[in-house]
Amino acid sequence: MDIDEGDGDEAEVRRGGGLTTGEVARRLGVAPTTVRSWDRRYGLGPATHTGGRHRRWTAGDLARLERMCALTATGVPPAEAARLALDETVSGTPPHEAGNPPVPQPVARARSRAGTGLRLGDVRQECKGVARAALRLDATALDALLDAAIEEHGLVAAWTEVIMPTLQAVGRKWESSGERYVEVEHFLSWHVSGALRRHTPCVPTDRPGATTLLACVPAENHTLPLEVLAAALAERGLPIRMFGGSLPVEPLVAAVRRTGPAAVGLWAQSRTTASRPLAQHIAAIEWGVRGARRKPVVLTLGPGWAGQTTPGLPHPPGLAEAVAAVEAAVRR
């Protein structure tokens, strides 16, 4: 249950004796210990006290805490977010209505070494906000932050400097915590995929020899890196055909023969799925009229191809290099 439940619930809070800390935590989507910590560390507790053992939170208290959540979701450090939330209350600035929280905006260019429970390292401040929204399973804030990062930096820079470092940090977190945080990785990946689709422009119908075919090798299902490559190519007006995860060999060969692509990107996350013979076979496929036949440039993408490099099969180390390689193949 989120805090933005409408005027009826706010009126009920005002009429009653307020909410318990547990109820507040459920509305905010945080742990009760987080609410108590904000109260103890930053003075964000109930403005008034009632009798009895348990503290009660009013609608105004909820609005102040919601403002705290919105600020921390953008990457603002908790102490600074608390100061801003309290200053608004003291100065009389109306807090944002619970049902209409502000759209989070990234802190451009800033760097952050601070923790969210994830080992982020020296990364952009936006990473911290994205990580916090993902850990809280806050879909609204996460979508807003991802959209803002892509609009601010472009797809390639947003992926390289914001999205990928956060995904890697979440992956390290669940790998070191047993089965914990798997839901966070799935949640973040799903929303990243949605953001990429929202920011992928429509590309006019391609001509033979100008398209790029993207697919995971058989038994490989990590599609997200291919999705961002597809979006980045479309952003540059380059037509693509995306086949996603674990495309069997025969359909892959058939698709190459049918489309006559300038480039084929084969993604392998693991060395157990990467297949040099498959890549060489695809690279040998010819298409076009007799006397002017062409072959596709096959890009071996992903860490699974490490140590399997072959002359004529480029292995771009990153997204920007992959985009450049495709552009060169299309224009050759």
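The largest nonpolar core of this predicted model holds 49 residues, and Trp159, Leu188, Val192 and Leu229 touch the most other members. Val192 illustrates how such a core is assembled: leaving aside neighbours within four places in sequence, Val192 is in contact with Leu146, Trp159, Ile163 and Leu224. Apart from this core lies another, of 20 residues, including Val217, Ile285, Val298 and Trp305. In soluble globular proteins, nonpolar side chains tend to be buried together.

The chain as a whole may now be considered. Of its 332 residues, 48% count as buried. Its secondary structure comprises 13 helices and six strands. Among contacts between residues at least 6 apart in sequence, 67% join residues at least 24 apart. The chain exposes about 16,300 Å², of which carbon and sulfur atoms supply 52%.

Confidence varies along the model. The average pLDDT of the chain is 79, and 76% of the residues score at least 70. The mean is highest in strand E5 (residues 263–267), at 96, and lowest in strand E1 (residues 111–112), at 40. Over residues 1–15 the pLDDT is below 50, and this stretch has 24 contacts in the model beyond near neighbours in sequence. Residues 93–116 likewise stay under 50.

Charged side chains form another part of the picture. Side chains of opposite charge can pair when their charged atoms come close. The whole structure contains six salt bridges. One of them joins Arg64 and Asp61, at 2.9 Å from N to O. Both residues lie in helix H4 (residues 59–73), three residues apart, about one turn of the helix. Arg64 counts as buried because its relative accessible area is 7%, under the cut-off of 20%. Asp61 is also buried, with a relative accessible area of 1%.

A salt bridge between Arg198 and Asp147, again 2.9 Å from N to O, links distant parts of the chain: Arg198 is in helix H9 (residues 182–198) and Asp147 in helix H7 (residues 139–153), 51 residues apart. Here Arg198 is partly exposed, at 43% relative accessible area, whereas Asp147 is buried, at 18%.

Arg236 and Glu327 also meet in a salt bridge, at 3.9 Å from N to O. Arg236 lies in the loop between H10 and strand E4 (240–242), and Glu327 in helix H13 (residues 319–330), 91 residues apart.

Glu227, in helix H10 (residues 224–235), offers a contrast. Glu227 is buried yet has no salt bridge; the nearest side chain of opposite charge, Arg197, is 4.5 Å away. Because a salt bridge requires the nitrogen and oxygen to be within 4 Å, this pair does not qualify.

Note on methods: Residues are numbered from 1 along each chain as its sequence is written. This is a predicted model: local features need pLDDT of at least 70, side-chain atom pairs count only at pLDDT 80 or more; totals for chains, interfaces and linings use all residues. Side-chain values use heavy atoms; hydrogens and water are left out. pLDDT is the predictor's confidence in each residue, from 0 to 100. Helices (H or I, at least four residues) and strands (E, at least two) are DSSP runs, numbered from the N terminus. Contact means heavy atoms within 4.5 Å. A nonpolar core is a set of buried Ala, Val, Leu, Ile, Met, Phe, Trp, Tyr and Cys residues joined through side-chain atoms within 4.5 Å. Buried means under 20% relative accessible area, exposed over 50%, partly exposed in between (1.4 Å probe, protein chains only). Accessible areas come from the Shrake-Rupley method with a 1.4 Å probe; for residues, only the protein chains shown count as cover. Lys and Arg count as positive and Asp and Glu as negative; His and the chain ends are not counted.
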